[in-house]
Amino acid sequence: AGILNFCANNYLGLSSHPEVIRAAVEALEKFGAGLSSVRFICGTQSIHKDLEEKIARFHQREDAILYASCFDANAGIFEALLTPEDAVLSDELNHASIIDGIRLCKANKYRYKHMDMQDLEAKLQDAQKHRLRLVATDGAFSMDGDIAPLREICQLAQKYDALVFIDECHATGFLGPNGRGTDELLGVMDKVTIINSTLGKALGGAAGGYTTGPKPLIDLLRQRSRPYLFSNSLPPAVVGCASKALDLLMDSNAIAQSMAAKTQRFRSKMTAAGFTISGKDHPICPVMLGDARLAAVMAEDMLNRGIYVIGFSYPVVPKGKARIRVQISAVHSDEDIDRCVEAFTEVGRKHGALP
């Protein structure tokens, strides 16, 4: 009967959308397989500038800059922006790419407890002695499916004269009324200074990342961000499919809005069956199991029942927090979701994860 994929980051199903595929083919035929160059030599074509303008318009920001991946975007921003006179305050569960990017810079580093606003405020108070303060957080955290309290973060940033940076890889395209992300969802689009995100998940699923924000910042990154300066520009086919994905999103919010009901269906049915699902109202739905071996054998049995999921255990997640991370997509039908829940229930009972 075929295998149902429930572990891809293909939130909107656009990686297999016929218009997205056609746009990639057209860009490939017109511009070739690649440009054999970094952006500042001969790697900037009209499609790159058009996509950057479209990203900025989608996020309602002044400008945007493309990278080979969001990992590169996160690696390239902190070192270019922050000096030894500055401070960066990072959520302890931020993505590895944010952590690595912060390690590369010479700013004073503070790590606050996960989504703990009391701890963040204490760290901001201590950081007042520095020239510039930047609060860095994932918008949606990929392991637990929880969403950063951006309203409170922005209030604290305003109180202590700090900037706010968010990584939106697991939010762009499907969170918020028009899929613009957690800042739209929580009503703080005008208070978040910098957004980094990816083209490799909801926006076509191929590759690529970007930074969007104030034009002076983007101008600075074009001059100083090492991953941008020393990496080949994005292949035309990747640019073409991402550009079409953004067109589809800006033409209609129907795909983005379809995610809420599908996510709720899976979460409520799994909870009713007796499973513990981490996070809240996000299509990342971690089925918490605790034991690493249990997560592995259950995932294997799920595949035997036609459901492709993967077990996560230490060091990807903390010890004792093993889980199977399910990801809901707009292309999953209600029947697909019900089939997945049924398989989980059978496998859970078989291995003692359910009574």
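1. Overall fold. In this predicted model, residues 3-344 are 44% helix and 17% strand. The C-alpha atoms at the two ends of that stretch are 15 Å apart. UniProt lists residues 3-344 as "domain: Aminotransferase class I/classII large", in an unreviewed entry.

2. Asp-86: location. Asp-86 sits in the loop that runs between helix H4 (70-81) and strand E3 (87-91). Its relative accessibility is 0%, so Asp-86 counts as buried. Setting aside neighbours within four places in sequence, its contacts are Leu-81, Ala-107, Asn-108, His-130, Arg-131 and Leu-132.

3. Asp-86: polar partners. What does the side chain of Asp-86 pair with? It makes a polar contact with the side chain of Arg-131, at 2.8 Å. A polar atom of the Asp-86 side chain also lies 3.2 Å from the backbone nitrogen of Leu-132.

4. Asp-86 and Arg-131 as a salt bridge. Side chains of opposite charge can pair when their charged atoms come close. Arg-131 and Asp-86 form a salt bridge, with 2.8 Å between the closest N and O atoms. This pair links distant parts of the chain, 45 residues apart. Arg-131 is in the loop between helix H6 (117-126) and strand E5 (133-138), while Asp-86 is in the loop between H4 and E3.

5. Salt bridges within helices. The whole structure holds 20 salt bridges. One of them joins Lys-49 and Glu-52, at 3.7 Å from N to O. Both residues lie in helix H3 (residues 46-59), three residues apart, or about one turn. Lys-49 is partly exposed, at 40% relative accessible area. Glu-52 is buried, at 1% relative accessibility. Another bridge joins Lys-215 and Asp-219, whose closest N and O atoms are 3.1 Å apart. These two are four residues apart in helix H9 (residues 215-224), so about one helical turn separates them. Lys-215 is partly exposed at 40% relative accessibility, and Asp-219 is partly exposed at 34%. Salt bridges that share partners also join Arg-39, Lys-49, Glu-52 and Arg-222 into one network.

6. Cysteines. How many disulfides does the structure hold? Zero. A disulfide is a covalent bond between the sulfur atoms of two cysteines. Why is Cys-105 without such a bond? The closest cysteine sulfur, in Cys-70, is 16 Å from the sulfur of Cys-105, which is too far for a bond. Cys-105 is buried, at 4% relative accessibility. Cys-42 is partly exposed, with a relative accessible area of 44%.

Definitions and conventions. Residues are numbered from 1 along each chain as its sequence is written. This is a predicted model: local features need pLDDT of at least 70, side-chain atom pairs count only at pLDDT 80 or more; totals for chains, interfaces and linings use all residues. Side-chain values use heavy atoms; hydrogens and water are left out. UniProt positions are given in the numbering used here, feature names are shortened, and annotations may be inferred rather than shown by experiment. Buried means under 20% relative accessible area, exposed over 50%, partly exposed in between (1.4 Å probe, protein chains only). A polar contact is a pair of N or O atoms within 3.5 Å; within protein, one must be able to donate a hydrogen and the other to accept it, and residues adjacent in sequence count only if both atoms are side-chain atoms. Contact means heavy atoms within 4.5 Å. A disulfide is a pair of cysteine sulfur atoms within 2.5 Å. A salt bridge is a side-chain nitrogen of Lys or Arg within 4 Å of a carboxyl oxygen of Asp or Glu.
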